[in-house]
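Me: I am new to this structure and should like to learn how to read its features one by one. Please give the general idea each time, and then the case at hand.

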Amino acid sequence: MAVPSLHYRGDIIVMAAWAAATPLVFTNFCGADGVTLTIDNAIQETQVGDCDDWTLPIQTQLAYGAQSVSMTVNAQLAKSNRDKLLRWSKDQLVVPIRIHIVDAPTGEVEYIDGEGMLPSLGVEGIANTDGSVIRISLNIRFKDGVEFTNASA
């Protein structure tokens with residue numbers, strides 16, 4: 001019997017480069033406890049008929065179209081991120097985001113990088129009466145998609 005080796009917290013890390021610098025300095029996204037990366041591929045669908053025998057059934061041809069990449073982050077609001085997140089949203093900044101796959105084998109994807117835009121920031125539980133931590137939810141869109149960088153030896 002073969003048992004898969006699974007990923008756990010700390011195996012894949014979300015990072016942001018909050019300050020414009022060269023080279024970029026990425027820091028871990030503190031407080032994150034739920035992250036979903038989504039790559040959506042539009043599919044173009046065309047119905048075509050046979051050119052020679054018009055009695056044959058219509059066929060469907062599929063082709064890839066535009067691609068969009070997004071990420072949702074649910075987190076406890078870390079004080080170290082509060083001002084950065086508020087300014088990212090209000091000032092409509094573009095923030096470099098990196099997903100780091102720790103210990104990626106040589107030749108496999110180690111980094112997923114993209115320029116994150118923040119169309120939606122939610123701050124939840126501001127006035128809670130039970131002393132619960134304040135939470136945030138981010139809906140991030142990647143301006144020009146993402147780039148993969150493979151691990152090297």
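Reply: Helices (H or I, at least four residues) and strands (E, at least two) are DSSP runs, numbered from the N terminus. Here the elements follow the order β-β-β-β-α-β-β-β-β along the chain, which has 1 helix and 8 strands. The model is predicted: local features need pLDDT of at least 70 and side-chain atom pairs pLDDT 80 or more, while totals for chains, interfaces and linings use all residues. Residues are numbered from 1 along each chain as its sequence is written, and side-chain values use heavy atoms, leaving out hydrogens and water.

Me: How is the radius of gyration of the chain to be read against that of a compact globule?

Reply: The radius is taken over C-alpha atoms, and the globule rule is 2.2 Å times the number of residues to the power 0.38. For 153 residues a compact globule would come near 15 Å, whereas this chain has 21 Å. Its C-alpha atoms fill a box of roughly 70 × 40 × 40 Å along the principal axes.

Me: Which residues touch the most other members of the largest nonpolar core?

Reply: In soluble globular proteins, nonpolar side chains tend to be buried together. A nonpolar core is a set of buried Ala, Val, Leu, Ile, Met, Phe, Trp, Tyr and Cys residues joined through side-chain atoms within 4.5 Å. Buried means under 20% relative accessible area, exposed over 50%, and partly exposed in between (1.4 Å probe, protein chains only). In this chain the largest such core holds 20 residues, and Phe29, Met71, Val73, Trp88, Ile97, Leu138 and Ile140 touch the most other members. Two or more core residues come from each of β1 (12–16), β4 (59–76), α1 (79–90), β5 (94–101), β6 (109–124) and β7 (135–142).

Me: What does Val73 touch beyond four places in sequence?

Reply: Contact means heavy atoms within 4.5 Å. Val73 belongs to strand β4 and counts as buried, at 1% relative accessibility. Beyond four places in sequence, Val73 touches Phe29, Ala32, Gly34, Val35, Ile136, Ser137, Leu138 and Ile140. Trp88, with the same neighbours set aside, has contacts that include Trp18, Leu93, Val95 and Ile97.

Me: Is Asn81, in helix α1, buried or exposed?

Reply: Asn81 is buried, because its relative accessible area is 3%. Leaving out residues up to four places away in sequence, Asn81 touches Trp18, Phe29 and Cys30.

Me: Is Pro119, in strand β6, buried or exposed?

Reply: Pro119 counts as exposed, because its relative accessibility is 59%. Apart from neighbours within four places in sequence, Pro119 is in contact with Asn139, Ile140 and Arg141. Between Pro119 and Ala63, 56 residues apart along the chain, the C-alpha separation is 29 Å.

Me: Where do Gln92 and Asp103 lie, and what is the sign of phi in Gln92 and in Asp103?

Reply: Most residues other than glycine have a negative phi, and most peptide bonds are trans. Gln92, in the loop between α1 and β5, has a positive phi of about 50 degrees; Gln92 is exposed, at 71% relative accessible area. Asp103 has a positive phi of about 60 degrees and sits in the loop between β5 and β6, where it counts as exposed at 73% relative accessibility.

Me: Is the peptide bond from Thr22 to Pro23 cis or trans?

Reply: The bond is cis, with omega near -5 degrees. Pro23 lies in the loop between β1 and β2 (27–28).
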